[in-house]
Amino acid sequence: MDKKIKIAIVFGTRPEAIKMAPLVLELQKREEFKPITIVTAQHRQMLDQVLELFNITPDYDLNLMKPNQNLWSLTSDILMETKKIFEETKPDIVLVHGDTTTAFATALSAFYARVKIGHVEAGLRTFNKDYPFPEEINRVLADSVSDLHFAPTEGSIQNLINSGIKDESLDNASGGSALDNSIKDKRIHKTGNTVIDALLYTIKKNIDLSFIGLNPNLKTILLTSHRRENFGEPLENICDAILDIVQKNKDIEVVYPVHLNPNVRDIVFRKLDKIERVKLIEPLDYAPFCALMKKAHIILTDSGGVQEEAPSLGVPVLVLRDETERPEALECGCVKLVGTDKERIVSTVNKLLSDKEFYNSMKQAVNPYGDGLASKRIADIILKYFKS
């Protein structure tokens, strides 16, 4: 049999782990591949929850998380530690995901090692280098050094082309489309988003949410907010909006799994602790979080992954950001941007609670991010790339 294709899959945060886990499982199933799973543990506890859910044991655990770590130290640590592993294992291709410091630094490390790079969830853009920070630049830099771009949507493909990344065949206009040329010439592939693979895998599990103590007679609003750009006044505004919403609507309760970052917890507990019909809970493992999303009537979030997942569950999503790199959800109507302006948040939530037609228009929109087969497509593309 031909030599197995060595694939290093590198991730370090909980969102990355969720989105890469289905791909790890798909690669492990196939005899043509030798997957090497590497975790940086940019997030430690939250990462481990996902590894346990998907029953993944890393081949290398760099355990890089430190108290008060900064972007300089984290980036340099990832570069040096992955250098050692790439020199030892000599992978044929390194797969990174999305927009984290792990993704950017690992892609750069693989580039220095002259190893092929595949970027999962390539092509997302706000075209504002400071928003989100540092994620926008992380994904731009990861895309710029990657050889294969696994783009979730047509919009992300167009972003890559607009960024100057295109199939090699397009540089040699011969009258044929890129699809007519060798897979070796094709850099950009539309795959859908692996987060839908993870979601569909997870919601099949029977998850008990009784520990949260939800009131079956109330509608649940799920809130998540943890992004750096919302620290400070924006998060204060979000909390003030929640206070207003629960005061004006006696038939709802708000559940907020509060991120571990002190910049989040200090504000949230000062503003919302012991408020009637507001439940502040510890961060949830991915499986109960998916079950809670499915249970929710409305979701308020600044999370990118939730914007992609919730439409598959038929739950309207209000995004607590002024810009999003996921415009497809806006276009299909399942997601709306409300930013962090208190009055805008309150008025939009109240409209969803009172206007059935408006609510159903968001609830019934079709998810543009995939069908649960993205991991299979990515594995197929890698196999063709190396066997052609």
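**View 1. Phe111 and its aromatic neighbour in the predicted model.** Phe111 is partly exposed here, at 36% relative accessibility. Tyr112 counts as exposed, with 56%. This is a predicted model, and it holds three aromatic pairs. One of them is Phe111 with Tyr112: the ring centres sit 6.2 Å apart, and with 45° between the planes the pair is tilted.

**View 2. Tyr385 and Phe386, an edge-to-face pair.** Here the ring centres are 5.2 Å apart and the planes meet at 80°, so we call this one edge-to-face. Tyr385 is buried, at 6% relative accessible area, while Phe386 is partly exposed at 24%.

**View 3. Charged side chains over rings.** Arg14 lies over the face of Phe289, 5.8 Å from the ring centre. Lys351 has its charged end over the ring of Phe358, 4.4 Å from the centre.

**View 4. The loop between E5 and H5, with two cis peptide bonds.** The loop runs between strand E5 (116-120) and helix H5 (135-145), and Pro132 is found in it. Tyr131 and Pro132 are joined by a cis peptide bond, omega about -5°. Pro134 has its place in this loop too, and a cis bond links Phe133 to Pro134 with omega about 0°. Look for Phe127 in the loop as well: its phi is near 60°, a positive value in a non-glycine residue, and at 55% relative accessibility Phe127 counts as exposed.

**View 5. Lys90, a residue with positive phi.** Lys90 sits in the loop between helix H3 (71-89) and strand E4 (93-97). Its phi is near 50°, and it isn't a glycine. Lys90 is exposed, with a relative accessible area of 59%.

Terms used. Residues are numbered from 1 along each chain as its sequence is written. This is a predicted model: local features need pLDDT of at least 70, side-chain atom pairs count only at pLDDT 80 or more; totals for chains, interfaces and linings use all residues. Side-chain values use heavy atoms; hydrogens and water are left out. Rings of Phe, Tyr and Trp (its six-membered ring) pair if their centres lie within 6.5 Å; planes under 30 degrees apart count as stacked, over 60 as edge-to-face and the rest as tilted. Buried means under 20% relative accessible area, exposed over 50%, partly exposed in between (1.4 Å probe, protein chains only). A charge sits over a ring if NZ of Lys or CZ of Arg is within 6 Å of the ring centre and within 35 degrees of the ring normal. Helices (H or I, at least four residues) and strands (E, at least two) are DSSP runs, numbered from the N terminus.
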